[in-house]
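Good morning, and thank you for coming. Please look at the structure on the screen, and I shall take you through some of its features.

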Amino acid sequence: LVVSDHQNDNGRLNVEDCKKAARFVRLCDCYSLPVISLVNADGIAVPCQCKQGDMIRAAAELGYAYAAHIMTGISGKGRAEENARALAQFINRTKPRSITNFSVFLHRRAPLWKEIESGRFAPADEVENLREELLLLSLLDVDGLEYDGFHDIIEFRVRGSLPRDREKMLAKLDKEIKERENLPPVYAFVE
């Protein structure tokens with residue numbers, strides 16, 4: 001019997017709670033013992049940002065699944081490789097079931113727009129965003145990961161399951177990059 005303690009932090013699970021419960025469930029599974037789980041909780045206790053990856057992994061061990069929503073281009077001009085590598089490292093560590101990627105779009109009323117106007121932030125163009133996505137997909141190592149990437153402003157989409165569709169997806173991205181790299185840059189600005 002696995003029960004959360006509602007008297008302790010409203011029953012929210014933390015990293016250690018998830019790991020302890022997962023060990024218990026695996027032990028029961030080794031001996032084909034049934035497990036009954038009673039949950040009276042407000043969910044998962046989200047730790048500081050530095051520990052969120054640990055919480056996601058621990059919750060996944062307990063049977064929770066999560067999907068990631070990311071934005072290529074969010075780090076700005078000239079930082080695509082750095083962002084792709086950091087994202088891949090995080091995703092490979094936390095192992096989401098699916099990823100939806102929207103290439104960043106910039107609204108003229110968003111706070112980031114003031115950063116652009118002041119020169120403190122330079123947006124990446126869509127070719128750089130495509131290159132970031134190409135590198136990201138080449139680095140992802142999560143079996144059965146469903147991936148769906150959108151670039152609305154240039155009407156481009158790539159999707160599939162990794163690792164099965166990786167080469168097809170990379171080829172599609174590479175083709176789009178080659179078709180666009182000598183054209184004037186396109187930025188996803190919206191009113």
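K175 counts as exposed, because its relative accessibility is 53% and the cut-off for that class is over 50%. Please keep in mind throughout that this is a predicted model. K175 forms a salt bridge with E179, and the closest N and O atoms of this pair are 3.5 Å apart. The partner, E179, is partly exposed, with a relative accessible area of 45%. Both K175 and E179 belong to helix α6, which covers residues 166-180. They are four residues apart, and that is about one turn of the helix. As a general point, side chains of opposite charge can pair when their charged atoms come close.

Which other side chains of helix α6 meet in a salt bridge? They are those of E176 and R180, with a distance of 2.7 Å from N to O. E176 and R180 are again four residues apart in α6, about one turn of the helix. Is E176 buried or exposed? E176 counts as buried, because its relative accessibility is 12% and buried means under 20%.

Another residue of α6 is L173. At 0% relative accessibility, L173 counts as buried. L173 and R131 are 42 residues apart in the sequence, yet in space their C-alpha atoms are 7.8 Å from each other.

How many salt bridges are counted in this model? The count comes to nine. One that I should like to show you joins R120 and E115, with the closest N and O atoms 2.9 Å apart. R120 counts as exposed, at 60% relative accessibility, while E115 counts as partly exposed, at 27%.

Let us turn to the strands, beginning with β4. Strand β4 comprises residues 98-102, and its side chains alternate along its length. I99 and N101 point to one face and are buried, whereas S98, T100 and F102 point to the other face and are not buried. In general, the side chains of a regular strand alternate between the two faces of the sheet.

Which strands pair with β4? One of them is β3, residues 67-70, which pairs with β4 in the parallel sense over four bridges. Between these two strands, the chain passes through helix α3, residues 80-94, in a right-handed β-α-β crossover. Within the pairing of β3 and β4, A68 has I99 as its bridge partner. Strand β4 also runs parallel to β6, to which it is joined by five bridges. Here I99 appears again, with Y147 of β6 as its bridge partner.

From β6 we may proceed to β7. These two strands pair in the antiparallel sense over seven bridges. One example is E146, whose bridge partner in β7 is S161. Strand β7 is mostly covered, as five of its seven residues are buried.

What lies between the two strands of this hairpin? There are four residues between β6 and β7, and E155 takes a positive phi near 50°. Please note that this positive value occurs in a residue other than glycine. With 75% relative accessibility, E155 counts as exposed.

A further feature of the backbone is found after β7. L162 and P163 are joined by a cis peptide bond, with omega at about 5°. P163 is placed in the loop between β7, residues 156-162, and helix α6. This loop therefore brings us back to the helix with which I began.

I now move to the surface. Which residues make the nonpolar patch of about 350 Å²? The patch is made by L27, Y31 and L33. L27 is found in helix α1, residues 15-30. L27 is partly exposed, with a relative accessible area of 48%.

Finally, a word on the confidence of the prediction. The mean pLDDT of the protein is 83, and 78% of its residues reach 70 or more. Which element has the lowest mean pLDDT, and which the highest? The lowest value, 59, belongs to strand β2, residues 37-38, and the highest, 98, belongs to helix α6. Thank you for your attention.

Notes:
Residues numbered from 1 in each chain as written. Predicted model: local features only at pLDDT ≥ 70, side-chain atom pairs only at ≥ 80, totals over all residues. Heavy atoms only, no water. Salt bridge = Lys/Arg side-chain N within 4 Å of Asp/Glu carboxyl O. Buried < 20%, exposed > 50% of the residue type's maximum accessible area, 1.4 Å probe, protein only. Pairing = 2+ DSSP bridges. Right-handed = clockwise from strand over helix to strand, strands pointing away. pLDDT = per-residue confidence, 0-100. Patch = residues over 30% accessible without salt bridge, like charges linked within 9 Å, V, L, I, M, F, W, Y side chains within 5 Å. Areas by Shrake-Rupley, 256 points an atom, 1.4 Å probe, with all protein chains shown as cover.
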